[in-house]
Amino acid sequence: MNFGENARAAGKACKAIGLTMALLLAPTAAMAQAPAVAPAEPAAAAAPATPAPVAAPAPVAAAAPAAASSDAAAPAGSYERMKPTPGKGMPVESGLGIQTQYSPNGEYGAWMHNAVLLPIIAVITLFVLFLLLFVMARYNRRANPVASRTSHNTLIEVVWTLLPILILLGVAVPSIDLIAKQFKPAPAKALTVKITGNQWFWSYTYPDNGGFEVTSNMLNIPGSPVINNGVREVGSDPSDGPSHLEVDNRMVVPAGEPIRLQITAADVIHSFAVPSLWFKLDGVPGRINEKVLFIKEPGVYYGQCSELCGVKHGYMPIAVEALPRDKFNAWVLTQSGGKIDGLKAPEAEAPAAAAPAAAPAPAASEPASPAPAA
Ligand SMILES: [Cu+2]
């Protein structure tokens, strides 16, 4: 039995090594990036909560000059609130398992869950079940009156030592690889969005685009008690997604490029989580956590605060609207104080030319006090 205990110890040691490596790798990668944070926001006059009617018609007018100046790509360059695709980026009726993934890490993680972990655990469970039943049937007192006194078998002891090691290694390699990928810092040119969790809503700041801030509240549900005063009811706009998940002002980001998300909180710990984008990171007061978000294709993706944060914890959903770059730029220009001059994306050339056109509206670099939204 010595050998059996060794096997178990080896298994545990292997797991411990895997965990230790993971723990060592992850934070270093995250920390390496941390200090760069807190881009002194120009205290942009955040006029988000007030324009309740989601400014659906306004964008057209505001975006028009930008579209005109960015020459050829003009027609596609105006912003319109995106209507979500049913079943995409949201939970589905009687759904089981992981939501369909729309990021490279998400696809990797889902593959690991579906093709590595589930089969391994299924085989092990069935094997152990078979052994239990076999022993019960074959070695009960009636079937096997004279018990064997064998206590050692070298072959079987070697097998049950090596096999768990190999299985754990097989799990550890893709697992550590995935963790390393998840915490790979964003490229220097990536767009930055700062996310703040509040009791009980989210705010999104765009330091690269003039520092404006968007406040995001859950829409009220018809026939239910009012959750957020002054916010319209879900379904009152054709672009609304599911109740409990849809918000008045979404976090709008470009699709197909890495985005640096910096997450913090104003009061208690919140957690920014969007299952279909393989993204979950805590927002901790006084700290900034950072991770890269990459969304493969345009769409609306829903999530929820995932850290118990008070009575309305269940009423602070997350809606991420991923748009093609030109439409994202058009959206930026619909925001009071929104600018595109600091554009870091590869397609930066065209919008850079458009920047002067954008500048005249707000007062250049400083806080746009003459809130044009109202
Ligand atoms: Cu919360």
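**Notes on a predicted model, starting from a hairpin**

1. Strand 2 (201–206) and strand 3 (212–216) make a hairpin with 5 residues between them, and Gly210 in the turn has a positive phi of about 100°. Helices (H or I, at least four residues) and strands (E, at least two) here are DSSP runs, numbered from the N terminus. The two strands run antiparallel and are joined by 5 bridges; two strands count as paired if DSSP finds at least two bridges between them. Thr205 has Glu213 of strand 3 standing opposite.

2. A word on what you are looking at. This is a predicted model, in which local features need pLDDT of at least 70 and side-chain atom pairs count only at pLDDT 80 or more, while totals for chains, interfaces and linings use all residues. Residues are numbered from 1 along each chain as its sequence is written.

3. Back to strand 3: it is largely enclosed by the rest of the structure, because 4 of its 5 residues are buried. Buried means that 20 or more other C-beta atoms lie within 10 Å of the residue's own, exposed means 12 or fewer, and partly exposed is in between, with C-beta atoms placed from the backbone.

4. Now the open sheet. It has 5 strands in the order 4-10-9-6-7, with mixed pairing. Strand 4 (251–254) and strand 7 (279–283) stand at the edges with a single partner strand each, so one side of each has no neighbour in the sheet. From one strand to the next, the twist averages 25°. Helix 5 packs on this sheet, touching strand 4 and strand 10 (317–323), and its direction makes about 140° with that of strand 4. Axes are lines fitted to C-alpha atoms, for helices over the stretch in contact, and angles run from 0 to 180 degrees between N-to-C directions.

5. Inside the sheet, strand 6 (residues 270–274) and strand 9 (residues 299–305) run antiparallel, joined by 2 bridges. Phe272 has Cys305 in strand 9 as its bridge partner.

6. How covered is helix 5 (residues 325–334)? Mostly: 10 of its 10 residues are buried. Among them are the charged-looking entries you may want to click on, Arg325, Asp326 and Lys327, along with Phe328 and Trp331. Ala330 is in that buried list too, and its C-alpha atom is 9.1 Å from that of Glu80, 250 residues apart along the chain. Glu80 sits in the loop between helix 2 and helix 3 and is partly exposed, with 15 other C-beta atoms within 10 Å.

7. Helix 3 (104–138) and helix 4 (residues 154–182) pack at an angle of about 165°, their axes 11 Å apart. The pair is therefore roughly antiparallel (under 35 degrees counts as roughly parallel, over 145 as roughly antiparallel, 65 to 115 as roughly perpendicular and the rest as oblique). Tyr108, Met112 and Val116 are among the helix 3 residues that meet helix 4, where the residues involved include Ile167, Val171 and Leu178. Contact means that two C-beta atoms, placed from the backbone, lie within 7 Å.

8. For the nonpolar core, try Val193. In the largest core, with 52 residues, Val193, Met251, Val253, Leu277 and Val320 touch the most other members. Such a core is a set of buried Ala, Val, Leu, Ile, Met, Phe, Trp, Tyr and Cys residues joined through C-beta atoms within 7 Å. Leaving out residues up to four places away in sequence, Val193 touches Tyr204, Tyr206, Met251, Val253, Ile259 and Leu261.

9. A few backbone oddities. Most residues other than glycine have a negative phi, and most peptide bonds are trans. Gln199 and Trp200, though, are joined by a cis peptide bond, with omega about 0°. Ser94 has a positive phi of about 45° and is exposed, with 5 other C-beta atoms within 10 Å. Trp278 has a positive phi of about 55°, but is buried, with 23 other C-beta atoms within 10 Å; its place is the loop between strand 6 and strand 7.

10. Last, His244, in the loop between strand 3 and strand 4. Beyond its neighbours within four places in sequence, His244 is in contact with Ile221 and Pro317. His244 and Ile221 are 23 residues apart in sequence and 7.4 Å apart in space, C-alpha to C-alpha.
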